[in-house]
Amino acid sequence: MIKGIGIDLIELDRINQIIKRNDRFVQRILTEKERGQLAAYKNESRQIEFVAGRFAAKEALGKAMGTGIGKVSFQDIEISRSEHGGPEMKLHGYEHLKIWVSISHSEQHAIAQVVIEE
Ligand SMILES: CC(C)(COP(=O)(O)OP(=O)(O)OC[C@H]1O[C@@H](n2cnc3c(N)ncnc32)[C@H](O)[C@@H]1OP(=O)(O)O)[C@@H](O)C(=O)NCCC(=O)NCCS
C-alpha cells in the first residue's frame with residue numbers, strides 16, 4: 001500500500017551559495033557515507049549537483065512521510081547506490097517501509113521524487 005509521495009525541486013545555484021556561506025551545511029545534510037561518495041567527485045559542479053540531488057531527495061522523503069524534515073532528520077536518511085547506479089534510500093527507525101526514490105538534474109536544477117510503500 002502506498003503510504004505517501006513527495007517531490008522536491010532545488011536550484012543548484014542556491015545550494016552552491018549555501019555551501020560557500022556555511023561550511024557545515026554538507027555535514028548537516030549528508031551522512032558520513034554520503035560525504036565519502038561526494039569526496040570521490042573532483043568536479044565542483046558535479047559535487048553541487050550531487051549535494052542538491054540528495055538534499056531534494058531527503059526533503060521529498062519528509063513530504064512523503066507527511067512530517068517534513070524535523071521529526072526525521074537529514075542524518076536519519078541515507079542514500080546509497082544500487083548495483084545499476086540508481087539511488088536507494090533508507091530511513092533509520094523505519095526499516096519496515098519500502099522507499100522508492102528517483103533523482104534527476106539539469107544545468108540549473110535538481111529534482112527528486114519519493115514514494116513510500118508499507
Ligand atoms: C541512468 C540514466 C537514466 C541517467 O539519466 P541522465 O539523464 O543521464 O541523468 P539525470 O540527471 O536525469 O539522472 C541522474 C541520476 O539518475 C540516477 N540514476 C543513475 N543510474 C540509475 C539507474 N540505473 N536507475 C535509476 N536511477 C539511476 C542517479 O540518482 C543519478 O544522480 P546521482 O548520480 O547524482 O545520484 C541514464 O544515464 C542511463 O540510462 N544510462 C544508461 C546506463 C549507462 O549509460 N551506463 C553508462 C555505462 S555503459
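Is Ile111 buried, partly exposed or exposed, and at what relative accessibility? Ile111 counts as partly exposed, because its relative accessibility is 33%, and partly exposed covers the range between under 20% (buried) and over 50% (exposed). Keep in mind while you browse these views that this is a predicted model.

**Figure 1. The whole protein, with four helices and five strands.** Start here to get your bearings. Follow the chain along its sequence and you'll meet the pattern β-α-α-α-α-β-β-β-β. The radius of gyration is 13 Å, close to the 13 Å that the globule rule gives for 118 residues, so the protein is as compact as a globular protein of that length. If you'd like a feel for the dimensions, the C-alpha trace spans about 40 × 30 × 25 Å along its principal axes.

**Figure 2. Inside and outside of the protein, with 40% of the 118 residues buried.** The protein exposes about 7,100 Å², and carbon and sulfur atoms supply 49% of that area. What about contacts along the chain? Taking contacts between residues at least 6 apart in sequence, 61% join residues at least 24 apart.

**Figure 3. A nonpolar patch on the surface, formed by Ile7, Leu9 and Ile111.** Here's where Ile111 from the opening question turns up again. Together, Ile7, Leu9 and Ile111 have about 260 Å² of accessible area. Ile111 itself sits in strand 5, which runs over residues 109-117.

**Figure 4. Glu49 and His105, joined by a polar contact between their side chains.** Look for Glu49 in helix 4, the stretch covering residues 44-65. The side chains of Glu49 and His105 come to 3.4 Å in this polar contact. Who else touches Glu49? Set aside its neighbours within four places in sequence, and Glu49 is in contact with Leu12 as well as His105.

**Figure 5. Arg14, a residue of helix 1.** Helix 1 takes in residues 12-21, and Arg14 is part of it. Is Arg14 buried, partly exposed or exposed? Arg14 counts as partly exposed, because its relative accessibility comes to 45%. For a sense of scale, pick out Trp100 too: Arg14 and Trp100 are 86 residues apart in sequence, and their C-alpha atoms are 26 Å apart in space.

Definitions and conventions. Residues numbered from 1 in each chain as written. Predicted model: local features only at pLDDT ≥ 70, side-chain atom pairs only at ≥ 80, totals over all residues. Heavy atoms only, no water. Helix = DSSP H or I, 4+ residues; strand = E, 2+ residues; numbered from the N terminus. Buried < 20%, exposed > 50% of the residue type's maximum accessible area, 1.4 Å probe, protein only. Patch = residues over 30% accessible without salt bridge, like charges linked within 9 Å, V, L, I, M, F, W, Y side chains within 5 Å. Areas by Shrake-Rupley, 256 points an atom, 1.4 Å probe, with all protein chains shown as cover. Salt bridge = Lys/Arg side-chain N within 4 Å of Asp/Glu carboxyl O. Rg over C-alpha atoms; globule rule 2.2 N^0.38 Å. Contact = heavy atoms within 4.5 Å. Polar contact = N/O pair within 3.5 Å; in protein donor to acceptor, adjacent residues only side chain to side chain.
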